[in-house]
Amino acid sequence: ENDIIHIYINSPGGNLFTTTELLSAMLQSKAHIITEITGEACSAGMLLFLAGHEFMVSDDASAMCHGASYGAYGTQGQVHDNVMHSTKHLTKLAYKYYEGFLETDEIERLLEGKEYWMEAEEIIERLEKRADYWEKKLAEEMSKETPEAETKNISFSLPTTAEDESEEQLDPITEAFYESE
């Protein structure tokens with residue numbers, strides 16, 4: 001419960017099913033998970049990054065978000081079924097992990113094949129917008145559950161570079177999102 005896991009990410013991506021296994025382990029862990037982009041976080045690497053509770057971005061970081069790259073083989077029907085299943089699965093993952101980090105129309109374009117490349121500064125800006133997004137969403141959900149109760153003020157900070165490591169860097173909004181599912 002008081003453990004901290006620090007995951008350093010420098011990855012061009014990887015297999016979707018391996019990624020979902022790692023995401024599942026991260027979600028089930030009671031540890032506080034810090035994810036840090038030390039080089040590139042592309043495709044599956046970006047999903048893993050966004051699944052953390054706290055984020056660090058090196059000055060030289062680069063990231064890429066996209067739907068997926070994959071291939072299928074077999075009969076025409078098998079290939080069709082594989083593509084349909086993969087599309088449904090990828091859509092679910094994209095909205096789950098990119099919500100608040102990408103705009104809704106960006107997620108839709110991503111699922112149509114658009115790639116989003118970004119450098120450290122843009123990653124940090126998007127993380128800040130994502131934190132605001134989840135803070136507002138959590139406040140709305142709390143007000144629906146207890147309409148007469150006052151909305152609690154939740155504060156936290158996101159690191160801007162690896163040099164900011166000494167500052168408090170909690171992200172309870174992301175953690176609350178994963179716990180609510």
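This passage describes the pockets, the cavity and the nonpolar core of a predicted model.

Empty space was located first. Rolling a probe the size of a water molecule over the atoms shows where such space is left. The largest pocket has a volume of about 310 Å³. Its lining is made up of 18 residues. G14, L16, A68, S69 and Y70 lie nearest the centre of this pocket. Three elements each give two or more residues to the lining: α1 (16–28), α2 (44–50) and α3 (76–98). Of the elements, α3 gives the most, with five residues. In character, the lining of the largest pocket divides into eight nonpolar and ten polar residues. No charged residue takes part in this lining.

The second largest pocket has a volume of about 230 Å³. A set of 14 residues lines this pocket. Nearest its centre lie G100, F101, L102, E103 and T104. Two elements, α4 (104–111) and α5 (120–145), each supply two or more residues to the lining. The most come from α5, which gives five. Here the lining holds seven charged residues, along with five nonpolar and two polar.

Enclosed space was then examined. The count comes to one cavity of 30 Å³ or more. About 40 Å³ of space lies in the largest cavity. Its lining consists of L16, L47, H66, G67, L90, L93, A94, Y98 and L110. The element that gives the most to this lining is α3, with four residues. Seven of the lining residues are nonpolar and two are polar, while none is charged. L16 appears in the lining of this cavity and is also one of the residues nearest the centre of the largest pocket.

The nonpolar interior was considered last. The largest nonpolar core has 31 residues. M46, F49, C65, Y98 and I123 have the most contacts inside this core. The largest share of the core comes from α2, with five residues. Y98, one of these highly connected residues, also lines the largest cavity.

The surroundings of M46 were followed in detail. Leaving aside residues up to four places away in sequence, M46 touches I37, A41, A63, M64, C65, Y98 and F101. Among these partners, C65 and Y98 are themselves listed with the most contacts inside the core. Another partner of M46 is F101, and F101 is one of the residues nearest the centre of the second largest pocket.

Methods
Residues numbered from 1 in each chain as written. Predicted model: local features only at pLDDT ≥ 70, side-chain atom pairs only at ≥ 80, totals over all residues. Heavy atoms only, no water. 1 Å grid on protein atoms, 1.4 Å probe; cavity = no way out; pocket = protein on both sides within 12 Å on 5 of 7 lines; lining within 4 Å. Points joined across faces, edges and corners; volume = space filled by probe spheres on them. Nonpolar A, V, L, I, M, F, W, Y, C, P; charged D, E, K, R; others polar. Core = buried A, V, L, I, M, F, W, Y, C linked by side-chain atoms within 4.5 Å. Buried < 20%, exposed > 50% of the residue type's maximum accessible area, 1.4 Å probe, protein only. Contact = heavy atoms within 4.5 Å.
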